[in-house]
Amino acid sequence: MSLPDTNSDIHSDTNADTTIEPASFREALGHFASGITIITTQIDDEPIGFTCQSFYSVSMNPPLVSFSVKANSFSYPKIRQAERFAVNILSSEQSHVSNQFAMRGADKWQGIDWQLSPLGNPVINDSLHWLDCKIHAEHPAGDHLIVIGEVKGLNLDVRGTARPLLYFKGKYGGFAGGEE
């Protein structure tokens, strides 16, 4: 991949003093397709979870992953207290699960079938995959926290036909046709 030369027709309307409007920023980032996960833990027999699309791998050795969460999140302080979490990677059939865990103040677990992982985190049945993690580090970043987890266990879905739940331009989607 090569970068455009300085004489190209690409123009930038930004400079160091420009304020980026939150709505424009959100719209621009909405053009980046991402997978959908549910981050979960359990503390004092209470399952905790929230929908998260800002999840990614960090390192292979040691195996590290990361997600971002609002600094004023209701759920995250309980995850921090538990010092562990599971990442439930949703399948294309689980948009209703994503919507349910995105709500605030509702019983997010109503009608959700789940079981405990080896570390004691809720794993949502029929998720594409799940990762069992211990909190490795946490970094403040603007109005969010970047959480890094060390993967201690995982489970891969054995159904070869399963597809991930994707989010793009404010809508759920998936892969269209074709083989992997």
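**Exercise 1. Find which strand runs alongside strand 2 and how many bridges join the two.**

Solution. Start with strand 3, residues 46-52: 7 bridges join it to strand 2, and the two run antiparallel. Keep in mind that this is a predicted model. Next, pick one pair to check by eye: Thr40 has Gly49 in strand 3 as its bridge partner. Then look at what links the strands. They form a hairpin with 2 residues between them, and Asp44 in the turn has a positive phi of about 50 degrees.

Now look for strand 6, residues 84-89. Strand 2 pairs with strand 6 too, in the antiparallel sense, over 4 bridges. Here you can check Ile39, whose bridge partner in strand 6 is Val87.

**Exercise 2. Decide whether strand 2 is enclosed or open, and sort its side chains by direction.**

Solution. First, the general idea: in a regular strand, side chains alternate between the two faces of the sheet. Now sort the residues. Thr37, Ile39, Thr41 and Ile43 point one way, while Ile38, Thr40 and Gln42 point the other way. Then check burial, for which the cut-off is under 20% relative accessible area. In strand 2, residues 37-43, 7 of the 7 residues are buried, so the strand is largely enclosed by the rest of the structure.

**Exercise 3. Work out which residues touch the most other members of the largest nonpolar core, and which elements supply it.**

Solution. The core has 21 residues, and Ile39, Phe67 and Phe85 touch the most other members. Several elements each supply at least two residues of this core, including strand 2, strand 3, helix 2 (76-82) and strand 9 (129-141). Now zoom in on Phe67. Leaving aside neighbours within four places in sequence, its contacts include Ile39, Phe50, Cys52, Tyr76, Phe85 and Leu145. Some of those names come back in an aromatic cluster, formed by Phe50, Phe67, Tyr76 and Phe85. Don't stop there: another core of 9 residues lies apart from the one with Phe67, and Phe101, Ile112, Ile124 and Leu165 are among its members.

**Exercise 4. Describe the surroundings of Ser66.**

Solution. Locate Ser66 in strand 5, residues 64-70. Its relative accessibility is 1%, so Ser66 counts as buried. Next, list what Ser66 touches, skipping residues up to four places away in sequence: Ser54, Phe55, Tyr56, Val58, Ile146, Val147 and Ile148. One of these deserves a closer look, since the side chain of Ser66 reaches the backbone oxygen of Val147 at 2.9 Å.

**Exercise 5. Lay out the open sheet of 3 strands and say which strands stand at its edges.**

Solution. The order is 1-11-12, with antiparallel pairing. Strand 1 (34-35) and strand 12 (171-173) stand at the edges with a single partner strand each, so one side of each has no neighbour in the sheet. Strand 1 meets strand 11, residues 166-168, over 2 bridges. In that pairing, Ser34 has Tyr167 as its bridge partner.

Tyr167 also takes part in one of the 6 aromatic pairs in the structure. Its ring centre is 5.4 Å from that of Tyr172 and the planes stand at 65 degrees, so the pair is edge-to-face. Both rings belong to partly exposed residues: Tyr167 has a relative accessible area of 25%, and Tyr172 has 32%.

**Exercise 6. Count the disulfides, then decide whether Cys52 and Cys133 are buried or exposed.**

Solution. The count is 0 disulfides. Cys52, at 3% relative accessibility, is buried. Cys133 is buried too, at 0%.

Terms used:
Residues numbered from 1 in each chain as written. Predicted model: local features only at pLDDT ≥ 70, side-chain atom pairs only at ≥ 80, totals over all residues. Heavy atoms only, no water. Disulfide = S-S within 2.5 Å. Buried < 20%, exposed > 50% of the residue type's maximum accessible area, 1.4 Å probe, protein only. Phe/Tyr/Trp six-rings, centres within 6.5 Å; stacked < 30°, edge-to-face > 60°. Pairing = 2+ DSSP bridges. Polar contact = N/O pair within 3.5 Å; in protein donor to acceptor, adjacent residues only side chain to side chain. Contact = heavy atoms within 4.5 Å. Core = buried A, V, L, I, M, F, W, Y, C linked by side-chain atoms within 4.5 Å.
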